[in-house]
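Biologist: I would like a close look at one helix near the end of this chain, at what surrounds it, and then at how its surroundings compare with other parts of the model. Please take your time and define your terms as you go.

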Amino acid sequence: MPLFRGEHGEAKARPRRRRRTRNMDWVGSCGKTDENGHVLSLTRLCLQSLADNMKEVWAKDYADNYLDHYSFRYIMGPFNLLPGALVEELTWLLCTRKQMSRAALHLMLVPQLRGLSLESCPGLVNSTLCAHIAARCQGLWSLDLSGGQQLPSKVLCETFSCLPALRSLSLAGTPCDRCVIKAIAQCCPLLRHLDISRCHLLSPAALLPLGGGGSFLSSDSPSRSPHCTSQSSISSSCSAPWSPLPLSSLLALDIGFGEQEGDPVAAAAYLLLSLNSLERVAMEGLAQACCLIQQRQFNQTDEFTDREGVPRLVELWREWRHRQGMDSGRKMRQAAACEEEEEEEEEEEERTLWDGFGSDSEEEARGDGGPNRFRYQTEDRKRGRDLSDDGRLVLQLKDVMGISCDSLDSLSLACPNISSISVNVDDFENTRGESQGSLLAAGLQAWSSQLRSLSMHHPGPLLNLLPALQVAGSSLVSLTLEGVKTGPHTPLLEVIKACPRLRDLLISAEPPTTPWEAEEDQRAEQDLPRLANLCSLTLNFSYEHSQMKPVMSCMSLKRVLKCLLAGSPLLEKLSLVSLPCPLNGVLQEVLHVLDLDQYPFADSTNSRPMPLGRVQRVYLPRTDVTMMTVRGLMQRSKRLKYVDVSYCWQISQLEWKHCERSTEVQVVWL
């Protein structure tokens, strides 16, 4: 076990003749600010110093003398006394800077660590690292191994058998299979979030262990799970009863295929009935599963459940109804107790009032009902509440993904509390002659006042989605439109007008196939719609890599861009890729807005807003921007950290190198 003596670090730290210089450098670094313009805290400055010197100081001794020669269960290194939260922040800092190394990662696997995310450096995730995590970090609450392609199923099973405290786990894009799911279901009883998207070795039936049931161990055969290790070691280390996980989030899109066509729907229905705490779900066949449960067509899944050795859906339904009855009974008893207390107080007040009148008045009043009328009204209310319970399935889902338009009706009946939804909108009519756009608008009507996030993938004209946005746009704070086609009548300004509260707007579009000239718009600048709360704007057009410059076929887009850039003073992230219109002139015009008289979107009650004054990250690949405009952005926003001007044909390599030497902003150019 290595004891870090810090020989290299102490040799550099002992000379006192340089202390004055180091103090001066430290004072200078205190002027750095974070993304909000605030001076960095002393803790953050220390962590940045650790990250800057990780390779040459803190990890050097371990990397040179121990990393490839020894394998230690525990390391008494430089970070084992740091609080877990600081170690986690240092790990995040190294990963985001792309400075994380194998040696540094080994040193930061300390017992007090509660969160570890390696999504941005999947190349470091291997069997050896998982063994270290299982041995040293058994108190982990959150683990993200997304993209780790070098992880055998056996290694994953052994790792999770040592992590019983996990609350959040992401295995997206890993070789996760049925045996790994069983290990998670048995050994991680506190798990609340699971992401297994893009795990192509998983079939829909492989997810069933998440819903509990002890018959899965005996029902497996070697032919069904060829990569599965012996379950005896896992069973012995995870001897607790195997019950459904308390999952609130399950992401399982783009996994493998099932044995039969109806397996995704049957598996989704099984999990919906067995996982009572689900709020966020991304699964194929989710809406169809809700429809199946609503119509009680459980016999359609009997073949699936019998084949997999799990309880039939009708049994799960009865159990769900029993739980609902117990919950509603408990709530009714609590409500009845409260009503009885209120009733006693009201009766006492009535008696006090009636004691002041004669007996004739009292009898007359009692003939009209008197104090007893409150008891009768309470009983009527109880009976009315019982009659309103129709046994309809109501799920707690709030965030669903991968839904189609024709299943929104059944989903709205089962999930009335949805606030975030992702919908695939096809470009054709259904059997009744209804377009997908009209189905979408009608389907979103049920959540029109509560939707906060809406994502739509539509390979047709953007105009088809406008009715849906006019229905649900007033409450949206996040909108994503992917794959849409643009043309002469693309209603971008109408989209902005329909969604006035947006904070995030992402549009990924196909450029116009025919020239789209600017149309005359008689509205004055101050009458144009604006997005005063917008913080992130992404407008990306597809392009051919062999094509250096996009075709300038959409000149009227300039007015939309000016409206968005000038009317969104809180903008922090800006991405405009391969625009089919000149962008440099629009940016110059927005940057030249300096006073309130020139700025039609200004609010006289507030301080002067500055367009692009808060932007931090700017992506402008394949546009006509010039280096003069880039420098104008740097002068306007003191928070700017990153600018991407790749393949911008008006910027030369000489201009880029000169700018790189003269500014602290990271400028990327290819």
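Modeller: Among the elements that cover the buried residues of α25 are α24, β14 (617-619), β15 (642-644), α26 (653-662) and β16 (666-668). Helices here are DSSP runs of H or I with at least four residues, strands are runs of E with at least two, and both are numbered from the N terminus. This is a predicted model, in which local features need pLDDT of at least 70 and side-chain atom pairs count only at pLDDT 80 or more, while totals for chains, interfaces and linings use all residues. Residues are numbered from 1 along each chain as its sequence is written, and side-chain values use heavy atoms, with hydrogens and water left out.

Helix α25 is mostly covered, with 7 of its 10 residues buried (buried means under 20% relative accessible area, exposed over 50%, and partly exposed in between, with a 1.4 Å probe and protein chains only). The buried residues are Met627, Thr629, Val630, Gly632, Leu633, Met634 and Arg636.

Its partner α24 is likewise mostly covered, 6 of its 8 residues being buried, namely Asn584, Val586, Leu587, Gln588, Val590 and Leu591. These buried residues pack against α25 (627-636) on the one hand and α23 on the other, where contact means heavy atoms within 4.5 Å.

The packing of α24 with α23 can be described further. The axes of α23 (residues 557-566) and α24 (residues 584-591) come within 10 Å and cross at roughly 35°; such axes are lines fitted to C-alpha atoms, for helices over the stretch in contact, and the angles run from 0 to 180 degrees between N-to-C directions. On the α23 side the contact is made by Lys558, Leu561, Lys562, Leu565 and Ala566, and on the α24 side by Val586, Leu587, Glu589 and Val590. By class, the residues of this contact divide into 6 nonpolar, no polar and 3 charged (Ala, Val, Leu, Ile, Met, Phe, Trp, Tyr, Cys and Pro count as nonpolar, Asp, Glu, Lys and Arg as charged, and the others, Gly among them, as polar). The crossing of α23 and α24 is right-handed, a term used when the near helix is turned clockwise from the far one by less than a right angle, and left-handed when anticlockwise.

Two other helix pairs can be set beside this one. Helix α13 (residues 263-274) and helix α14 (residues 286-294) have axes that come within 8 Å and cross at roughly 65°, and α13 is therefore roughly perpendicular to α14 (65 to 115 degrees counts as roughly perpendicular, under 35 as roughly parallel, over 145 as roughly antiparallel and the rest as oblique). Their crossing is right-handed. Here Val265, Ala268, Ala269, Leu272 and Leu273 of α13 meet Leu286, Gln288, Ala289, Cys290, Leu292 and Ile293 of α14, and the contact holds 10 nonpolar, 1 polar and no charged residues.

Helix α9 (residues 153-160) packs on helix α10 (residues 178-187) at an angle of about 5°, with the axes 9 Å apart, and the two are therefore roughly parallel to each other. Ser153, Leu156, Cys157 and Phe160 of α9 make this contact with Cys179, Val180, Ala183, Ile184 and Cys187 of α10, a set with 8 nonpolar, 1 polar and no charged residues.

In the loop between α14 and α15 (302-308) lies Arg296, whose phi is positive, at about 55°, although Arg296 is not a glycine. Arg296 has 39% relative accessibility and so counts as partly exposed.

Strand β11 (residues 504-510) has a covered face of Leu505, Ile507 and Ala509, whereas Asp504, Leu506, Ser508 and Glu510 form the uncovered one. Strand β10 (residues 478-485) pairs with β11 in the parallel sense over 7 bridges (two strands pair if DSSP finds at least two bridges between them), and Leu481 stands opposite Ile507 in β11.

For the wider setting, the protein has 26 helices and 16 strands, and 47% of its 670 residues count as buried. Of the contacts with a separation of 6 or more, 75% join residues 24 or more positions apart.
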